[in-house]
Amino acid sequence: MKKIVLSFVCVLVACVASHAQGVKFESGTWNEILAKAKAGNKTIFVDVYTKWCGPCKHVSETVFPQEKLGDFYNPLFINFKMDAESPAGKEFVKTYPVTGYPTFFFIDGNGKVIHKIVGAKDVDGFISEAKMISMYARHGGIDNMMVAIKNGTADRELLYDYYQSANKKNKPEALNLYLKALPTEELIDENNKLIEEMSLYDKELMTRLVDEIVKASNDGRFSNGKYAEKFAFCIVFPVQYDITTFLRTSIQEGNWEWFNELLQLKERFANYGGRVYRGGKLLDGDLRIIQGRGLFFATPEYNKLCYWTRNKVNEDKFKSMLVPYMDKLITENPVDSLIKEDNNQVLDMIKKEGLKGQMQFFAQGIFEAGNVTAHNIIAWTDYFWKLSPSDKKTKELCGKWIKYAFNVNRFNDKVAVPAADLLARIGNFKDAKIILEKAIASQEELKNEDQKVYKKLELKLRDINNGKL
């Protein structure tokens, strides 16, 4: 009886093991494998390895044995291993050259390479590659597919498949191609989540999105308040965020053509009929720019100053624009304006109870208000100082702007150090010292218990007092 039970268990284990297997590699010569693939109209997956290759061993011992990968690869491919240093392997790599190990080939029954991978991957990486190969097969091969995409004759199904299976490098472009193929009602449908995944600027696509959004906002459907709100959150805000992202990229990369196109797109939103903007206006106010969506809601002057400073171009235009711009900004937004506009009740509570616990959470927005623009003002001033004569007038003007950048929100400790640094660099040690002392006093006023904040400010104050920049 025990022998019968033991035999049954062994058979059961063997059955389970045979079912729950990883990638199954077949034996035989390369010519036999090719013939089998051609007869069965299947693709061959070839692992080209060497015995001394560490990544080869890792993939063979930890990736290929996984059931998830076997379930995907075994029905789709004829899987085959080739030791590159064996006699058969040396002949193989003459026909299919490799530049490193492991190398993986997807080859059809006629011996044509469909796809090649160099380097190890994990299970999900191999599955992603397999999906791409399956996609090529559905659309008549990679050559036909890529020709259709290049010529603009690819249909929606092909473009969607291309997007779904594209690797990280190609995915942004593949997504844009698919979105451009959508009819308008689907492109700006509030359930189109793909807009949130856009990461590559495409003038044609972005222009169409902006124009269709503006058109939709003025055709009467926004009389339904709930629809208008959902449309704003699902379509409008993501497109605005995309414009901000692309503006930031154009500034970082110094792409003046893109930069100007994006400013024009931003201005097209002036005709938007939805109830999205504060007071019905397109802009938040340059002092209130926040990281992320900010540049969309900034004035063209603000964006141009950022571009010219970052890329050190158009020196004369930069200088001629900055002076009146800062005069206007300071006039319209007196110091401490951010604190006065924000929640004074929370600020009063913090002063009484100290900056700790829940108070720190509630206060975060108040203390970081103006952070982006304050740092930009310091960067603009630094650039202006380098372009201008080091005379008394320039020094006073730059000092005024730097002190303003700090004073619009004296509770933001992140601005004090760079402001003091620049003041000291232009020779104004007195005001640099005043800013740091004021920053420390402001934190004490809040009863801030974070000693790291004080240490940073005190060390900088010590350096200023010692005449060190």
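Phenylalanine 104 stands opposite isoleucine 117 in strand 5, and threonine 103 is set against valine 118 of that strand. The model in which these pairs occur is a predicted one. Strand 4, spanning residues 103–107, is joined to strand 5, spanning residues 113–118, by five bridges, and the two strands run antiparallel. Together strand 4 and strand 5 make a hairpin in which five residues lie between them, and glycine 111, located in the turn, has a positive phi of about 85°.

The hairpin belongs to an open sheet of five strands, which are arranged in the order 1-3-2-4-5 with mixed pairing. The edges of this sheet are formed by strand 1 (25–26) and strand 5, each of which pairs on one side only. In a regular strand, side chains alternate between the two faces of the sheet.

Two helices were found to lie across strands of this sheet. Helix 2 (residues 30–40) lies across strand 1, strand 2 (43–49), strand 3 (77–83) and strand 4, and its direction is at about 165° to strand 3. Helix 4 (residues 67–76) lies across strand 2, strand 3 and strand 4, running at about 100° to strand 3.

A helix pair was examined elsewhere in the chain. The axes of helix 22 (residues 429–445) and helix 23 (residues 451–465) come within 10 Å and cross at roughly 160°; because angles over 145 degrees count as roughly antiparallel, helix 22 and helix 23 are assigned to that class. The crossing of helix 22 and helix 23 is left-handed. On the side of helix 22, the residues that meet helix 23 are Phe429, Ala432, Lys433, Leu436, Glu437, Ala439, Ile440, Gln443 and Glu444, while helix 23 contributes Val453, Tyr454, Leu457, Glu458, Lys460, Leu461, Ile464 and Asn465. Sorted by class, the residues of this contact between helix 22 and helix 23 comprise 10 nonpolar, two polar and five charged.

A charged residue in another helix was also considered. Glutamate 212 lies in helix 11, which covers residues 203–217. With a relative accessible area of 15%, glutamate 212 is classed as buried, because the cut-off for that class is under 20%. When neighbours within four places in sequence are left aside, glutamate 212 is in contact with Thr184 and Ile188.

Terms used:
Residues numbered from 1 in each chain as written. Predicted model: local features only at pLDDT ≥ 70, side-chain atom pairs only at ≥ 80, totals over all residues. Heavy atoms only, no water. Helix = DSSP H or I, 4+ residues; strand = E, 2+ residues; numbered from the N terminus. Buried < 20%, exposed > 50% of the residue type's maximum accessible area, 1.4 Å probe, protein only. Contact = heavy atoms within 4.5 Å. Pairing = 2+ DSSP bridges. Axes fitted to C-alpha atoms, helices over the stretch in contact; angles between N-to-C directions. Parallel < 35°, antiparallel > 145°, perpendicular 65-115°, else oblique. Left-handed = near helix turned anticlockwise from the far one by under 90°. Nonpolar A, V, L, I, M, F, W, Y, C, P; charged D, E, K, R; others polar.
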